[in-house]
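Colleague: I would like to learn how to read the parts of a model and the places where they touch. Could we go through one together, step by step?

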Amino acid sequence: MQTFDLEAQGLRDLNTTLQAQSKETNQTKWEIVNAKGSHAIAVGLDAPIEVNVMGSTGYYCAGMNKQATVRVHGSAGPGVAENMMSGTVIIEGDASQYAGATAHGGTLVIKGNASSRCGISMKGIDIIVHGNIGHMSAFMAQSGNMVVCGDAGDALGDSLYEARLFVRGSVKSLGADCIEKEMRPEHIEILKDLLERGECDAKPEEFKRYGSARKLYNFNIDNAY
Amino acid sequence: MCGIVGLFLKDPSLESRLGDMLTDMLITMTDRGPDSAGIAIYRDETPGRVKMTVQSDTPDDDFAQLDTELGSSIGKSITMRVIDTHAVLDIPSDSVTTARAALGTIRPNVRVMSYGETLEIYKEVGLPKDVAARFELSKMHGTHGIGHTRMATESAVTTMGAHPFNTGADQCLVHNGSLSNHNALRRKLRREGVHIETMNDTEVGAAYLTWRMQNGATLGEALQSSLDDLDGFFTFVVGTKDGFGVVRDPIACKPAVMAETDQYVAFGSEYRALVNLPGIEQARVWEPEPATVYFWSHNAAPTATEKAA
């Protein structure tokens, strides 16, 4: 276990050190202390290492992640795991706005609530939220899965392309072109796997599925203002 | 950008440390707003007296004999504390209007930062740490306070463009965001007779709340109607004589984090601003909901009233 004191050693040193780890590194476990809400902690990682952030983080924690597992033992500020490509990011507390935005892959688990615009323009990431999510979540989402064990805010999945949205609780309102869809056996299977990976014991049968009505794909004069 | 902080104490034993805690929070928010900084602090009520905080770019000239000249002009006893470019005038409650009018004649270059029974506002252009040092903010005690670090996105970097803005007796406001309908609203409010000094959007927001309250709205109602009448992005933190409140616009683009313990309620644009507060590890920390008015008062229970659809 490598311990890194962010307050003593600084952010640039932290990210340089973590980004320098190779696929074959022996230093696979890292603990970051004195996070104190700092921005851009553990960004741009590209090695199968495990990073534990002790405390809450500021903007863009674990952004652009590849391969690494980053666990935040606290809450995360805006833009956590933004543009993640692969790997896993787990937030033990809440996440602020646009968690997992534009991410192409990997898994983001939020044990608390996520704020507005969660998974905005997601492009392949799997997001599992144990609590609630805020308004405009999965806006223009293109691919991947979003699982919400609590409630969803206004305009869920507005202008959605192809992502699957599973919500257990209530949905305040659906955005344009987002509709409820049938839960078929294959979706139960997908959801079962997602919940397992999300360290969540909710039952897949309790969820509803939402997706794109695909009416915005082609030009239609009725869609114009 | 801009940074906002606020601290409302429930535990009186922390009152001697209010300035110190707020200053730390304010300086932490420097990279959100290095252009100017300000703080509003509530303290030391004297029955029958009102405090008017004034500012001058040439304090040596303007504050010389100001208390005696203003006092003799209105025929009342006035005392004065000078702190750097600011001075706090202590005025009998029934003479505030006449004193303000007289001040405009005696010292036309002096600007009024705030008035109220407990409110004092200190704000200047410059880095938050320099502004805090000039006014020795860390030594100030009080019951609650709010602060602001400004990154100017429109209108000039001046003392008058710095926050907090005084919006009525003992009321003030800090803002993170940008209002898009402030020009139209400024014209409308001016037609209604509201005095607006700068081209700053926040001053219009502040003037709007004052105008609503002058027309009978409570602060809570004024904040609620701001959700309909102000267009753009805003997180507002407001202070009153005995409380402080928070409201974010329905889109809620601008960041906000709150923390509550048995000892205090704290607000920060980012969690970083809160990390040195006592007991923050055990605090309830959350992000205020959009279009929702939150308010804490020493005289009432906390409220969170969601805007009607």
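Colleague: Let me begin with chain B: over residues 2-299, what percentage of the chain is helix and what percentage is strand?

Modeller: Before the numbers, please keep in mind that this is a predicted model. Over residues 2-299 of chain B, helix makes up 26% and strand 33%, and the C-alpha atoms at the two ends of that stretch are 30 Å apart. The stretch is the one to which an unreviewed UniProt entry gives the annotation "domain: Glutamine amidotransferase type-2".

Colleague: Which domains does the domain assignment give for chain B?

Modeller: The assignment gives domain 1 of chain B as 3-41 + 139-307, written in two segments, and domain 2 of chain B as 46-117. Taken over C-alpha atoms, the centres of these two domains lie 25 Å apart, and their contact takes seven residues from domain 1 of chain B and eight residues from domain 2 of chain B.

Colleague: How should I read the size of such a contact, and what area is buried between domain 1 and domain 2 of chain B?

Modeller: The general idea is that the size of an interface is often given as the accessible area lost when the parts come together. In this case, domain 1 of chain B and domain 2 of chain B bury about 720 Å² between them, with carbon and sulfur atoms accounting for 55% of that area.

Colleague: Which residues form a salt bridge with one another there, and how far apart are the closest N and O atoms?

Modeller: The rule finds one salt bridge across this interface. B:K241 pairs with B:E117, and their closest N and O atoms are 2.6 Å apart, a distance that can be set against the cut-off of 4 Å. Across the interface of the two domains of chain B there are also five residue pairs in polar contact. On the side of domain 1 of chain B that touches domain 2 of chain B, the residues divide into two nonpolar, three polar and two charged.

Colleague: Turning to chain A, where do its domains lie in the assignment?

Modeller: Domain 1 of chain A is assigned to 1-96 and domain 2 of chain A to 108-216, and their C-alpha centres are separated by 25 Å. Twelve residues from domain 1 of chain A and ten residues from domain 2 of chain A take part in the contact. The area buried between these two domains is about 870 Å², of which 53% comes from carbon and sulfur atoms.

Colleague: How many salt bridges does the rule find across the interface of the two domains of chain A?

Modeller: The rule finds two salt bridges. A:E92 forms a salt bridge with A:K111, the closest N and O atoms being 3.5 Å apart, and across the same interface there are eight residue pairs in polar contact. Strand β5 of chain A, residues 88-91, gives the most to the side of domain 1 of chain A that touches domain 2 of chain A, namely three residues. By class, that side has seven nonpolar, two polar and three charged residues.

Colleague: Finally, how many residues of each chain are in contact where chain A and chain B touch?

Modeller: The contact joins 13 residues of chain A with 17 residues of chain B, and about 1000 Å² is buried between the two chains, carbon and sulfur atoms giving 44% of it. Between chain A and chain B the count is zero salt bridges, whereas nine residue pairs are in polar contact. The side of chain A that touches chain B has one nonpolar, eight polar and four charged residues.

Conventions. Residues numbered from 1 in each chain as written. Chains lettered and ligands numbered in written order. Predicted model: local features only at pLDDT ≥ 70, side-chain atom pairs only at ≥ 80, totals over all residues. Heavy atoms only, no water. Domains from an automatic or database assignment. Contact = heavy atoms within 4.5 Å. Buried area = accessible area lost by both parts, 1.4 Å probe. Salt bridge = Lys/Arg side-chain N within 4 Å of Asp/Glu carboxyl O. Polar contact = N/O pair within 3.5 Å; in protein donor to acceptor, adjacent residues only side chain to side chain. Nonpolar A, V, L, I, M, F, W, Y, C, P; charged D, E, K, R; others polar. UniProt positions renumbered as here; feature names shortened; annotations may be inferred. Helix = DSSP H or I, 4+ residues; strand = E, 2+ residues; numbered from the N terminus.
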